[in-house]
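Work through the exercises below with the structure open beside you, and try each task before you read its solution.

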Amino acid sequence: MQYDDFTALLGARYSCRGFRSDPVSEDTITKILTAAQKVPSWCNAQPWQVDVTMGTETDRLREALYSHAMTAAQTPDVPWPSAYTGAHQSRRKRCGLQLYDSVGVERGDRAASARQMTENFHLFGAPCFALLTAPAELGPYAYLDCGGFITGFTLAAASLGIASIPQAAVAAYAPFLRDWFDLPDDRIVLCGISFGYADETHPANGFRTSRAPLDEWVRLSGQKEKT
Ligand SMILES: Cc1cc2nc3c(=O)[nH]c(=O)nc-3n(C[C@H](O)[C@H](O)[C@H](O)COP(=O)(O)O)c2cc1C
């Protein structure tokens, strides 16, 4: 594989927020999972556990999760970021505005932006959902490993024409998800990934995020090699 092919795959992936209901075959799901697990993990512990729902099971989950989220308090296992400041805050704001502009939410219309946010709990209409959990005893390094897994999963999916979106939002309801998937108390709910075929006409899919220039976040030291 050449660099250009790899960057083309990276460039093709995006977070999809509107899916078609068409099913994804079990064979395709198995291929995504088999590829995703090739990512590195500390000591090769492969700390992820993935509970996948398809079809009517995803529909059952979306209905139950949505009604739970409308009334329950948020109790994530992993604390939410305490603050976004500086560049992080401006990047966060920019991608939020891109989404709201795409779906026609006026600036300052908090009710409409909250409504768009709650689409997380409808799993954006995706036919498939994967819940990612890690064992508590491995601590934060297992979360790093699982972050790598998310990258592997979303890229493998994109290579097969399957759109996806990682969702920390669903982890707000960790106890509900632990009950739903019958997981023991010592598994940390990290995030979900909704996936399926993209509805390319959906307004929420009508924008792409940007990335910061390298000089904002890279510090090179030592001799510069000629390429
Ligand atoms: C760990 C993680 C959690 C995320 N959680 C959410 C989420 O709950 N809801 C959402 O709409 N997007 C979520 N995203 C998607 C990000 O907003 C998205 O990756 C980012 O804006 C960059 O856009 P792109 O994925 O289209 O390149 C999450 C992404 C990651 C990696």
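**Exercise 1: Two helices that meet**

In this predicted model, the axes of helix α1 (residues 3–12) and helix α6 come within 9 Å and cross at roughly 100 degrees. Describe how α1 is oriented relative to α6, and state which residues make the contact.

*Solution.* Begin with the angle: angles of 65 to 115 degrees count as roughly perpendicular, and the crossing is at roughly 100 degrees, which makes α1 roughly perpendicular to α6. Next, look at the residues: α1 contributes Phe6, Leu9 and Leu10, while α6 contributes Leu155, Ala158 and Ser159. Finally, sort these residues by class, which gives five nonpolar residues, one polar residue and no charged residues.

**Exercise 2: The order of the strands**

Determine the order in which the four strands of the open sheet are arranged, and name the edge strands.

*Solution.* Start from β2 and follow its pairings: with strand β1 (residues 49–54) it pairs in the antiparallel sense over six bridges, and with β4 it pairs, again in the antiparallel sense, over eight bridges. Individual partners can be picked out, since Val52 is bridged to Ala130 of β2, and Leu131 is bridged to Gly192 of β4. The full order is β1-β2-β4-β3, with antiparallel pairing. The edge strands are therefore β1 and β3 (163–167), because each of them pairs on one side only. Neighbouring strands are turned against each other by 20 degrees on average, direction ignored.

**Exercise 3: An enclosed strand**

Decide whether β2 is largely enclosed by the rest of the structure or open to the outside.

*Solution.* First separate the two sides of the strand: Cys128, Ala130, Leu132 and Ala134 point one way from β2, whereas Phe129, Leu131, Thr133 and Pro135 point the other way. Then check burial on each side, and you will find that all of these residues are buried. Because eight of the eight residues of β2 are buried, the strand is largely enclosed by the rest of the structure.

**Exercise 4: The core**

Which elements give two or more residues to the largest nonpolar core?

*Solution.* This core has 23 residues, and those with the most contacts inside it are Leu132, Phe149, Phe153 and Phe195. The contributing elements are α2 (26–36), β2 (128–135), α6 (140–159) and β4 (187–196), and the largest share, seven residues, comes from α6. A second, separate core of 18 residues includes Leu131, Val170, Ala172 and Phe176. To finish, place α6 against the sheet: the helix lies across β1, β2, β3 and β4, running at about 10 degrees to β4.

Terms used
Residues are numbered from 1 along each chain as its sequence is written. This is a predicted model: local features need pLDDT of at least 70, side-chain atom pairs count only at pLDDT 80 or more; totals for chains, interfaces and linings use all residues. Side-chain values use heavy atoms; hydrogens and water are left out. A nonpolar core is a set of buried Ala, Val, Leu, Ile, Met, Phe, Trp, Tyr and Cys residues joined through side-chain atoms within 4.5 Å. Buried means under 20% relative accessible area, exposed over 50%, partly exposed in between (1.4 Å probe, protein chains only). Axes are lines fitted to C-alpha atoms, for helices over the stretch in contact, and angles run from 0 to 180 degrees between N-to-C directions. Angles under 35 degrees count as roughly parallel, over 145 as roughly antiparallel, 65 to 115 as roughly perpendicular and the rest as oblique. Contact means heavy atoms within 4.5 Å. Ala, Val, Leu, Ile, Met, Phe, Trp, Tyr, Cys and Pro count as nonpolar, Asp, Glu, Lys and Arg as charged, and the others, Gly among them, as polar. Two strands pair if DSSP finds at least two bridges between them.
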